[in-house]
Amino acid sequence: LQELEQEMDFFHNLVYRYILGNLYFEMNGNSWNRNDKWLTPANHCTWKIKDAEDFEFGVSCNTDDEVTKLDLYNNNVDGTLPKELGDLRKLTYLDLGYNSLRGSIVSEIGQLT
């Protein structure tokens with residue numbers, strides 16, 4: 001049973017890394033102002049940084065390592081939102097203000113609760 005749980009955790013983390021990696025590449029992540037920890041081998045829940053006021057930018061997760069918050073405010077994000085963002089079922093906060101978004105918001109994002 002423990003082995004099965006470890007396999008599920010691995011798969012779960014792989015799916016989140018895929019979704020966040022898609023966001024990074026489709027939204028010109030190499031040019032983001034704050035991309036220091038993105039795509040590192042570390043757990044995806046650590047892909048964030050704090051500013052001088054201790055405010056976190058990037059990915060935040062719940063205790064089950066499910067992405068609950070994406071804060072990419074004023075981060076030179078550029079492009080069209082990938083539909084895979086709709087697969088972040090626990091996402092409750094998404095801040096993409098003051099960036100250069102193009103295209104329409106994919107319907108998958110509207111299905112998030």
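Guide: Before we start, a residue is called buried under 20% relative accessible area, exposed over 50%, and partly exposed in between. Please also keep in mind that this is a predicted model.

Visitor: Okay, then is G110 buried or exposed?

Guide: G110 has a relative accessible area of 66%, which is over the 50% limit, so G110 counts as exposed. As for its place in the chain, G110 belongs to helix α2, which covers residues 107-110.

Visitor: And how far apart are G110 and G86?

Guide: That depends on how you count, since G110 and G86 are 24 residues apart in sequence, while in space their C-alpha atoms are 7.6 Å apart.

Visitor: Switching topic, how many disulfides are there in the whole structure?

Guide: A search of the whole structure turns up one disulfide. This disulfide joins C45 to C61, with a distance of 2.2 Å from S to S, and the link is left-handed, with -95° about the S-S bond.

Visitor: Which parts of the chain does that pair link?

Guide: The pair links distant parts of the chain, because C45 sits in the loop between α1 (2-26) and β1 (48-50), whereas C61 sits in strand β2 (residues 56-61), and the two are 16 residues apart.

Visitor: So which of the two cysteines is buried, and which is partly exposed?

Guide: C45 has 11% relative accessibility and so counts as buried, while C61, with a relative accessible area of 21%, is partly exposed.

Visitor: You mentioned β1 and β2, so what is the order of strands in that sheet?

Guide: The sheet is an open one of four strands in the order β1-β2-β3-β5, and its pairing is mixed. The edge strands are β1 and β5 (93-95), each of which pairs on one side only. On average, neighbouring strands of this sheet are turned by 25° against each other, with direction ignored.

Visitor: How many bridges join β1 to β2?

Guide: Three bridges join β1 to β2, and these two strands run antiparallel. Among the residues involved is K48, whose bridge partner in β2 is G58. In general, strands of a sheet pair through backbone hydrogen bonds, either parallel or antiparallel.

Visitor: What about the inside, how many residues has the largest nonpolar core?

Guide: The largest nonpolar core has 22 residues, and those with the most contacts inside it are L23, W32, W38, V67, L70, L85 and L88. Both α1 and β3 (67-71) supply at least two residues of this core, and the largest share, five residues, comes from α1. As a general point, nonpolar side chains tend to be buried together in soluble globular proteins.

Visitor: Which residues does V67 touch?

Guide: Leaving aside residues up to four places away in sequence, V67 touches Y16, L20, H44, V59, S60, C61, L88, K90 and L91, so C61 of the disulfide is one of the residues in contact with V67.

Visitor: Last topic, how many aromatic pairs are there?

Guide: The count comes to seven aromatic pairs. One of them is formed by Y24 and F25, which are edge-to-face, at 5.4 Å centre to centre and 90° between the planes. Y24 is buried, with a relative accessible area of 6%, whereas F25 is exposed, at 58%.

Visitor: And why is the pair of W38 and W47 tilted?

Guide: Their ring centres are 5.6 Å apart and their planes stand at 40°, which lies between the limits of 30 and 60 degrees, so the pair counts as tilted. Both W38 and W47 are buried, and ring pairs link Y24, F25, W32, W38 and W47 into a cluster.

Note on methods
Residues numbered from 1 in each chain as written. Predicted model: local features only at pLDDT ≥ 70, side-chain atom pairs only at ≥ 80, totals over all residues. Heavy atoms only, no water. Disulfide = S-S within 2.5 Å. Buried < 20%, exposed > 50% of the residue type's maximum accessible area, 1.4 Å probe, protein only. Pairing = 2+ DSSP bridges. Axes fitted to C-alpha atoms, helices over the stretch in contact; angles between N-to-C directions. Core = buried A, V, L, I, M, F, W, Y, C linked by side-chain atoms within 4.5 Å. Contact = heavy atoms within 4.5 Å. Phe/Tyr/Trp six-rings, centres within 6.5 Å; stacked < 30°, edge-to-face > 60°.
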